[in-house]
Amino acid sequence: MNRIDPKLASTLRQPRELVDAGLAPVAALAELERVAARYAVAVTPELAVLIDPADPADPIARQFIPSADELVEQPGENADPIGDDAHSPVAGIVHRYPDRVLFKLVHVCAVYCRFCFRREMVGPGKASALSDDAYRAALDYIRSHPEIWEVILTGGDPLMLSPRRLTEIMADLADIDHVKIVRLHTRVPIADPGRINPEMIAALRVEGATTWIAIHANHPRELSNNAREACARLADAGVPLVSQSVLLHGVNDDAATLEALMRGFVECRIKPYYLHHGDLAPGTAHLRTTIEAGQELMRALRGRVSGLCQPDYVLDIPGGHGKAPIGPSYLSQPASREREDPMERRYRIVDYCGDVHLYPPQS
């Protein structure tokens, strides 16, 4: 077993701790302290040991070590980039789509991502969880809307709750007849896999509703042996797993990295689900790619890996208008003549090699 450097044995939360651990240069300390005064910092031991301090472009560091670039805001960036507030009828609930709601229970995470779209709302100095009154009001809202079929626990990270508290929450939701699915969005199996213990797994399983978990990882190195074992414990317990990733400049914006990440998910019994285009959160421009770059990567992925490994490339439309798939189109319609019979219409289809075919083919 590898011995852990004592400086990496606990979660690093201050710029000085990052510098002392060799994860940030001394010369950057003053700038990092200005970033940390605005945005939360936390790097768990599990992720800290994955960082190569000798690599100034290390993709793990780029996700979790603060940067002075975060203090540079670009036009269009917004503290609420996907419009949660516009669809929040009561505290803790976001009801954007008819059949499902987000339930934001906590505002703390095991690790704080530098690209987080809720970075203005989470971390030290912010409310850590819903009050008891707000929690009950949120449950009442869910009960009063029979169209809600799925409740998505998010935050923050819901697996930062204790197993005891999570057991209570899961039971409360499963007791609502029309709630059939409870989905949890989490980084904990990656960032702090030891929390995925028998007590936590027991808390996740509840009679009356089916539990799904969306695992967030952006680089194949995040799927460490410990993380893989944590995901295996969930899968072995019968909990279905899907993935969420964010397309990030300098982290996973090349075909080989995405291929390794998506294959890693499938090897861990995690179905690739969403590849998010970076949201317009303040101070995140240095991590965003262009949509065109994302579409080209999706084209490359289509030709490289199994269909099991294909996520949907999506954009959360600013202003609260929901997610839209923005992957490349492989289908186009040739110019048609007036009064053409739709049943005789033909299409151009691009295959994974880039070759163009007509459908139906010519006789």
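How far is the sulfur of Cys231 from the closest cysteine sulfur, and in which residue does that sulfur lie? The closest one is in Cys268, 5.6 Å away, which is too far for a bond. A disulfide requires the two sulfur atoms to be within 2.5 Å. The model described here is predicted.

**Cysteines**

Cys231 is a buried residue, because its relative accessible area is 0%. Across the whole structure, a search returns zero disulfides. Cys116 likewise takes part in no disulfide, and the nearest cysteine sulfur, belonging to Cys109, is 6.3 Å away.

**Salt bridges**

The search of the whole structure also finds 23 salt bridges. Three of these pairs are set out below, each with the separation between nitrogen and oxygen.

| Pair | N to O separation |
|---|---|
| Glu70 and Arg119 | 2.4 Å |
| Asp99 and Arg100 | 2.5 Å |
| Arg165 and Glu168 | 3.0 Å |

The side chains of Glu70 and Arg119 meet in a salt bridge. This pair joins distant parts of the chain, as its members are 49 residues apart. Glu70 belongs to the loop that runs between helix 4 (59–64) and strand 1 (93–97), whereas Arg119 belongs to the loop between strand 2 (100–104) and helix 5 (132–143). Both Glu70 and Arg119 are buried.

The pair formed by Asp99 and Arg100 has another setting. Asp99 has a relative accessible area of 27% and is therefore partly exposed. Arg100 is also classed as partly exposed, because its relative accessibility is 24%.

Arg165 and Glu168 both lie in helix 6 (residues 163–174). The two residues are three positions apart, so about one helical turn separates them. With a relative accessibility of 22%, Arg165 counts as partly exposed, and Glu168 is placed in that class at 33%.

Salt bridges also occur as a network, which links Asp84, Arg96, Lys104 and Arg118.

**A nonpolar surface patch**

Leu331, Ile349 and Tyr359 together make a nonpolar patch on the surface, with an area of about 290 Å². One of these residues, Ile349, is located in strand 11, which spans residues 347–350. The relative accessible area of Ile349 is 31%, so this residue is partly exposed. Membership of such a patch requires a relative accessible area of over 30%, a condition that Ile349 meets at 31%.

Technical notes: Residues are numbered from 1 along each chain as its sequence is written. This is a predicted model: local features need pLDDT of at least 70, side-chain atom pairs count only at pLDDT 80 or more; totals for chains, interfaces and linings use all residues. Side-chain values use heavy atoms; hydrogens and water are left out. Patches are made of residues with over 30% relative accessible area and no salt bridge: like charges are joined within 9 Å, nonpolar side chains (Val, Leu, Ile, Met, Phe, Trp, Tyr) within 5 Å. Accessible areas come from the Shrake-Rupley method with a 1.4 Å probe; for residues, only the protein chains shown count as cover. A salt bridge is a side-chain nitrogen of Lys or Arg within 4 Å of a carboxyl oxygen of Asp or Glu. Helices (H or I, at least four residues) and strands (E, at least two) are DSSP runs, numbered from the N terminus. Buried means under 20% relative accessible area, exposed over 50%, partly exposed in between (1.4 Å probe, protein chains only).
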